[in-house]
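Here are a few notes to read alongside the model. Keep the structure open and find each residue as we go.

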Amino acid sequence: MVFLPSAKTSTITSLLWIIIITLFSPHSFSGEATNNTQNELDALLAKHKGKVIYIDFWASWCGPCRKSFPWMNKVQSSYNSDQFTVISINLDNEKTLAKTFLQTTPANFPVIYDPKGTLAKKFKVKGMPSSYLINQDGKVIKRHTGFFSAKITNYEQEIDQLIASSPNNLATM
């Protein structure tokens, strides 16, 4: 019996070859997107070294993320920029989804796009949103999964305590 490929089989074979070529192309192994995302975070962390940093992982589909953004904008503007900053990391696969979200829920702080979830894996994100409060020495002090309006006072107290414990603030007391 002779096997003659049908148009359907030919199309599937072509698609498989495209996938294989894409997977094994030099860009797949270079980690280019991973490195760019990590480099972007490293640059922001270096820029804000010595400050309390609130890192927030979010996605456009996340309901609590919509509630957290107004609060993050508020704390970004209400704390001294020499002592505190917010950095957010978006995990949407498509940047257009994040951009649409940001049109209706703007961010007054940097947004890093992490479509492959590289940074999320590094931080061991367990839910949306997830936030990490980092002290002036660059150590993660607090982690929160979810955003709860009832806990805003607690979040702000944690930030206040870290800022108050800064060597710069202790020297002036």
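1. Start with Tyr54, which stands opposite Val86 in β2. Please keep in mind that this is a predicted model. The two strands behind that pair, β1 and β2, run in the parallel sense and are joined over seven bridges.

2. Now look at the other neighbour of β1. Ile53 stands opposite Ile134 in β4, and here β1 and β4 pair in the antiparallel sense over five bridges.

3. What is the strand order in the open sheet? Five strands form the sheet, in the order β3-β2-β1-β4-β5, with mixed pairing. The strands β3 (111-113) and β5 (140-145) stand at the edges with a single partner strand each, so one side of each has no neighbour in the sheet. On average, neighbouring strands are turned by 20° against each other, direction ignored.

4. Follow the sheet towards the β3 edge. Strand β2 (residues 84-90) pairs with β3 in the parallel sense over three bridges. If you would like a residue to click on, Asn90 has Tyr113 in β3 as its bridge partner.

5. Back to β1 for its side chains. In a regular strand, side chains alternate between the two faces of the sheet. In β1, Val52, Tyr54, Asp56 and Trp58 point one way, while Ile53, Ile55 and Phe57 point the other way, and all are buried. Seven of the seven residues of β1 are buried, so the strand is largely enclosed by the rest of the structure.

6. Next, the nonpolar core. The largest one has 39 residues, and those with the most contacts inside it are Leu41, Ile55, Phe57, Trp58, Trp71, Phe84 and Ile89. Strand β1 (residues 52-58) supplies the largest share of this core, six residues. Try zooming in on Ile55: leaving aside residues up to four places away in sequence, Ile55 touches Leu41, Leu45, Ile87, Ile89, Phe123, Ser130, Ser131, Tyr132 and Ile134.

7. Finally, add the helices. Helix α4 (residues 63-78) joins β1 and β2 in a right-handed β-α-β unit. Helix α5 (residues 95-104) lies across β1, β2 and β3, and runs at about 160° to β3. Which strands does helix α7 (residues 152-164) lie across? They are β1, β2, β4 (130-134) and β5, and α7 runs at about 170° to β5.

Conventions: Residues numbered from 1 in each chain as written. Predicted model: local features only at pLDDT ≥ 70, side-chain atom pairs only at ≥ 80, totals over all residues. Heavy atoms only, no water. Core = buried A, V, L, I, M, F, W, Y, C linked by side-chain atoms within 4.5 Å. Buried < 20%, exposed > 50% of the residue type's maximum accessible area, 1.4 Å probe, protein only. Helix = DSSP H or I, 4+ residues; strand = E, 2+ residues; numbered from the N terminus. Contact = heavy atoms within 4.5 Å. Pairing = 2+ DSSP bridges. Axes fitted to C-alpha atoms, helices over the stretch in contact; angles between N-to-C directions. Right-handed = clockwise from strand over helix to strand, strands pointing away.
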